[in-house]
Amino acid sequence: MGILSLITGKAGASGFGSASTAEQVTDGVDASRLTVIITGGASGIGLETSRVFALRGAHVIIAARNTEAASEARKTIMENNPAARIDVLKLDLSSLKSVRAFADQFNSMKLPLNVLINNAGVMFCPFQLSKDGVEMQFATNHLGHFLLTNLLLDNMKATAKSTGIEGRIVILSSVAHTHTYPKGIDFDRINDEKRYNDKMAYGQSKLANLLHANELSRRLKEGANITVNSIHPGLIMTNLMRHSYVLLKIIQVATFILWKNVHQGAATTCYVGLNPQLRGVTGQYFADCNVEKTSKLAKSDELAKQLWDFSEELIRSAQ
């Protein structure tokens with residue numbers, strides 16, 4: 001992402017850029033045959049993603065920890081779009097038990113699943129362990145989504161096969177994936193409180209998101225008709241930043257010209273999730289609705305496979 005393109009909003013090869021909005025990048029798209037799950041779809045860019053998918057006709061499942069707030073979000077969307085099809089299901093990504101319960105509940109509804117948006121996350125929080133004994137940012141941002149995706153994959157494969165419609169998985173990463181521990185993923189010290197750095201732990205979880213997308217894309221390339229891509233949404237002041245609000249507000253004032261509003265912040269998610277230009281495109285990382293370069297660690301197939309095995313082992317040990 002060139003600084004000039006960020007400032008000017010100049011469109012890239014896709015025809016879109018940093019100034020593009022979620023509505024603009026999905027203009028003309030008919031999503032009426034699609035069912036989408038959006039984690040964290042009740043606030044911030046997740047809410048805007050839910051709104052725009054519903055606007056394009058998709059059946060939206062908002063997966064949220066706070067179902068009361070999610071129900072209010074649903075009500076708000078439907079006030080402006082009475083035809084919207086939106087359901088709310090409880091999901092706490094920091095709890096593997098909750099992830100399994102969500103998947104069981106969704107699968108019991110006998111709905112198809114065309115699109116999965118792994119949007120929810122936490123950022124820069126103080127050190128704490130999840131209910132499963134895993135550092136909270138890694139647990140919520142990566143591990144919960146890793147299990148959720150695996151539990152929904154059979155449904156997505158069956159849906160893609162029966163409908164002939166390409167399935168899409170969009171995993172929200174971040175440019176912060178470049179700012180992590182020296183080895184990228186600190187497998188041996190994932191829960192080490194003495195070594196914990198909230199910024200690097202966040203970067204570690206975002207690198208994990210990107211590596212997860214790459215490895216899953218590789219595993220699904222043969223005949224599944226499902227694409228998997230990761231994205232950086234941009235700099236947006238949302239509730240995600242509540243743990244470092246003052247610091248980030250100061251940074252925002254100093255770099256105000258680089259920040260997006262939520263309509264722009266949800267654009268890359270909606271572009272990768274819905275735009276027909278990306279049919280068949282998989283294993284890529286997008287920013288400002290265009291393919292973007294990643295760090296050297298994010299390109300490592302070996303690290304991606306190691307993370308996959310490590311994640312499976314963490315899940316097994318938590319059972």
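**Figure 1. Surroundings of His145 in the predicted model.** Leaving aside neighbours within four places in sequence, His145 is in contact with Thr39, Leu93, Asn118, Asn119, Ala120, Thr140 and His212, as computed from a model that is predicted. His145 has its place in helix H6, and with a relative accessibility of 2% the residue counts as buried, because the cut-off for that class is under 20% relative accessible area.

**Figure 2. The whole chain, as context for the close-up views.** The chain is made up of 319 residues, of which 55% are buried, and 11 helices and 8 strands are assigned along the chain. Among contacts with a separation of 6 or more, 77% are accounted for by residues 24 or more positions apart. The exposed area of the chain comes to about 14000 Å², with carbon and sulfur atoms supplying 52% of that area.

**Figure 3. The largest nonpolar core and the contacts of Phe138.** The largest nonpolar core holds 49 residues, and Ile37, Phe138, Ile169 and Ile185 are the ones that touch the most other members. At least two residues of this core come from each of strand S2 (59-64), helix H5 (96-108), helix H6 (136-163), strand S5 (167-172), helix H7 (198-220), strand S6 (226-232) and helix H11 (301-318). The most is given by H6, which contributes 10 residues to this core. When residues up to four places away in sequence are not counted, Phe138 touches Leu143, Ile185, Ile190, Gln204, Ser205, Ala208, Leu307, Phe310 and Leu314. Another core, of 37 residues, lies apart from the largest one and has Phe16, Val52, Ala58 and Ala70 among its members.

**Figure 4. Packing of helix H6 against helix H11.** The axes of H6 and H11 are 11 Å apart and the two helices pack at an angle of about 90°; H6 and H11 are therefore roughly perpendicular to each other, since angles of 65 to 115 degrees fall in that class. On the H6 side, the contact is formed by Phe138, His142, Leu143, Phe146, Leu147 and Asn150, which meet Leu307, Trp308, Phe310, Ser311, Glu312, Leu314 and Ile315 in H11. Sorted by class, the residues in this contact of H6 with H11 are 9 nonpolar, 3 polar and 1 charged.

**Figure 5. Val36 in strand S1.** Val36 has its place in strand S1 (residues 35-39), and at 1% relative accessibility Val36 counts as buried. Not counting residues up to four places away in sequence, Val36 touches Phe53, Ala58, His59, Val60, Ile61, Leu113, Val115 and Ile117. For one of these partners, Ala58, which is 22 residues apart from Val36 along the chain, the C-alpha atoms of the pair are separated by 6.9 Å.

**Figure 6. Positive phi values at Asn225 and Asp288.** Most residues other than glycine have a negative phi. Asn225, although not a glycine, has a positive phi of about 60°, and Asn225 is found in the loop between H7 and S6. Phi of Asp288 is likewise positive, near 50°, in a residue other than glycine, and the place of Asp288 is in the loop between strand S7 (285-287) and strand S8 (290-291). As to accessibility, Asn225 counts as partly exposed at 35% relative accessibility, whereas Asp288 is buried, with a relative accessible area of 7%.

Methods: Residues are numbered from 1 along each chain as its sequence is written. This is a predicted model: local features need pLDDT of at least 70, side-chain atom pairs count only at pLDDT 80 or more; totals for chains, interfaces and linings use all residues. Side-chain values use heavy atoms; hydrogens and water are left out. Helices (H or I, at least four residues) and strands (E, at least two) are DSSP runs, numbered from the N terminus. Buried means under 20% relative accessible area, exposed over 50%, partly exposed in between (1.4 Å probe, protein chains only). Contact means heavy atoms within 4.5 Å. Accessible areas come from the Shrake-Rupley method with a 1.4 Å probe; for residues, only the protein chains shown count as cover. A nonpolar core is a set of buried Ala, Val, Leu, Ile, Met, Phe, Trp, Tyr and Cys residues joined through side-chain atoms within 4.5 Å. Axes are lines fitted to C-alpha atoms, for helices over the stretch in contact, and angles run from 0 to 180 degrees between N-to-C directions. Angles under 35 degrees count as roughly parallel, over 145 as roughly antiparallel, 65 to 115 as roughly perpendicular and the rest as oblique. Ala, Val, Leu, Ile, Met, Phe, Trp, Tyr, Cys and Pro count as nonpolar, Asp, Glu, Lys and Arg as charged, and the others, Gly among them, as polar.
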